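Reader: I'd like a close look at one part of this protein, and then a walk outward from there. Could you take me through it in plain bench talk?

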Amino acid sequence: VNIGIDIGGTAIKGGLVDEKGAIIYTKEIPTQSKEGYGVVLSNIYSLIESLMEIAKTYERKPGFIGLGIPGLADKKSDYVIFCTNLGWNNVPLGIDLKKKFGLPVIIENDATIAGFAESICGLTKNYENSVFLTLGTGIGAGLVINNKIFSGSHGVGSEVGHMIIGENFYNCSCGKNGCFETFASATALIKYVENQINGGRQTILSGVPNIGAKEIFEAAKQGDELAKETISRFIKYLSIGIVNIINIMDPEIIAIGGGMSKGLADILSDIHDEVARLAHYKTLPYGKIVISELGNEAGIIGAAMLS
Ligand SMILES: [Zn+2]
């Protein structure tokens with residue numbers, strides 16, 4: 001049995017997972033990210049302590065602790081280098097946890113872990129080369145090549161959200177203009193609608209207090225012109241991003257997950273058509289595009305299977 005921890009901006013999820021990837025027990029606590037690293041660390045300590053207690057009742061000792069973070073970790077130094085959502089810069093998370101629990105610790109990016117989980121127990125299982133795209137506030141990815149997580153020579157690969165694919169009317173949170181995630185994330189949809197409304201466009205979305213991706217998809221279904229235009233722009237740029245990935249990596253399958261993915265079922269065939277239109281080798285097969293079916297626990301499972 002191993003411990004998997006999924007650290008998010010609002011909640012920390014943890015679980016005991018057996019060697020086959022089956023969840024034995026899970027627990028969730030608030031992150032309290034605004035309180036700073038010290039408080040979040042002691043929250044992680046108490047979560048792991050309670051998981052160790054539960055493991056005892058099964059008469060099993062955890063083999064290692066795997067953690068997913070919304071940022072970047074250096075596996076050699078065990079430091080978390082960046083974690084913007086949590087306000088972390090160079091924090092010794094791996095060192096602190098090793099000292100506290102005396103167990104091996106592995107820290108990975110959460111999108112990478114979600115992709116890994118998908119390849120263990122989701123739709124990309126049994127495929128040697130797969131891509132997991134997570135669409136939410138931003139865009140993250142997990143690349144699996146030859147059945148292994150691929151994160152590049154310096155651990156910073158798979159940042160597909162920041163592929164520059166065009167010019168956009170607003171800058172990315174990374175400071176650059178034209179990043180994939182400014183065209184094809186939930187934030188991108190909202191920004192586009194707001195920009196058009198501010199420019200005087202008529203839409204049924206004008207009166208909606210908190211416009212989100214869900215409201216935009218709903219308005220498009222009701223025939224709202226701006227919402228329909230926003231969705232086709234989204235399909236266009238999502239397909240450009242996917243085709244870029246296909247051209248570089250030629251995966252067997254691309255699974256789309258994240259907060260936005262459930263809303264994509266209705267437009268998946270449009271995405272297929274657009275990818276087919278943009279495909280470089282028209283007569284050759286390319287990777288399947290599917291929507292992930294894994295739930296909330298994927299981050300825990302993936303983290304606990306990292307060793
Ligand atoms: Zn960017």
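Which residues lie nearest the centre of the second largest pocket, and how many residues line that pocket?

Author: Happy to, with one thing up front: this is a predicted model. The residues nearest the centre of the second largest pocket are Phe 217, Glu 218, Lys 221, Gly 263 and Asp 266, and the pocket is lined by 14 residues. Two elements give two or more residues to that lining, namely helix H6 (213-221) and helix H7 (225-249). H6 gives the most, with six residues. The volume of this pocket is about 290 Å³. Sorted by class, its lining has six nonpolar, three polar and five charged residues.

Now for the closed spaces. Rolling a probe the size of a water molecule over the atoms shows where empty space is left. The count here is two cavities of 30 Å³ or more. Take the second largest cavity, which has a volume of about 30 Å³. H7, which helps line the second largest pocket, turns up again here: helix H5 (186-198) and H7 each supply at least two residues of this cavity's lining. The lining residues are Phe 183, Ala 188, Leu 189, Tyr 192, Thr 230, Arg 233 and Phe 234. By class, that makes five nonpolar, one polar and one charged.

Ala 188 leads us on to Glu 181, since Ala 188 is among the residues that Glu 181 contacts. Glu 181 sits in helix H4. With a relative accessible area of 12%, Glu 181 falls under the 20% cut-off and therefore counts as buried. Leaving aside neighbours within four places in sequence, its other contacts are Gly 138, Ile 139, Gly 161, His 162, Tyr 170, Cys 172 and Ser 173. There's also a C-alpha separation worth having to hand: Glu 181 and Gly 140 are 41 residues apart along the chain, and their C-alpha atoms are 8.6 Å apart.

Two of those contacts, His 162 and Cys 172, bring us to the zinc ion. Its protein donors are His 162 through ND1, and Cys 172, Cys 174 and Cys 179 through SG, lying 2.0 to 2.3 Å from the metal. The four donor atoms subtend angles of 105 to 118° around the zinc ion, so the arrangement is tetrahedral. Along the chain, the donors follow the spacing H-x9-C-x1-C-x4-C. His 162 and Cys 172 both lie in the loop between strand E11 (148-150) and helix H4 (181-184), so the pair ties together parts that are ten residues apart in sequence. As for accessibility, His 162 is partly exposed at 26%, whereas Cys 172 is buried at 6%.

The loop between E11 and H4 is also the place of Ser 151. Ser 151 is buried too, with a relative accessible area of 13%. Beyond neighbours within four places in sequence, Ser 151 is in contact with Lys 75, Glu 108, Val 156 and Gly 157.

Glu 108 is a handy link to the largest cavity, as it is one of the residues closest to that cavity's centre. The largest cavity holds about 110 Å³ of space. Its lining has 14 residues, and alongside Glu 108 the closest to the centre are Gly 71, Leu 72, Asn 109 and Gly 155. Strand E5 (72-74) and E8 each supply at least two residues of the lining, with E8 giving the most, three residues. By class, this lining has four nonpolar, seven polar and three charged residues.

One last stop, by way of E8. Leu 103 is found in the loop between helix H2 (93-101) and strand E8 (105-109). At 7% relative accessibility, Leu 103 counts as buried. Not counting residues up to four places away in sequence, Leu 103 touches Met 52, Lys 61, Pro 62, Gly 63, Phe 64, Ile 65 and Lys 98. Leu 103 and Ile 48 are 55 residues apart in sequence, and their C-alpha atoms lie 11 Å apart in space.

Definitions and conventions:
Residues numbered from 1 in each chain as written. Predicted model: local features only at pLDDT ≥ 70, side-chain atom pairs only at ≥ 80, totals over all residues. Heavy atoms only, no water. Donors = N, O, S within 2.8 Å, 3.2 Å for Na, K, Ca; no water. Tetrahedral: all angles 85-135°; square planar, octahedral: opposite > 155°, others 65-115°. Helix = DSSP H or I, 4+ residues; strand = E, 2+ residues; numbered from the N terminus. Buried < 20%, exposed > 50% of the residue type's maximum accessible area, 1.4 Å probe, protein only. Contact = heavy atoms within 4.5 Å. 1 Å grid on protein atoms, 1.4 Å probe; cavity = no way out; pocket = protein on both sides within 12 Å on 5 of 7 lines; lining within 4 Å. Points joined across faces, edges and corners; volume = space filled by probe spheres on them. Nonpolar A, V, L, I, M, F, W, Y, C, P; charged D, E, K, R; others polar.
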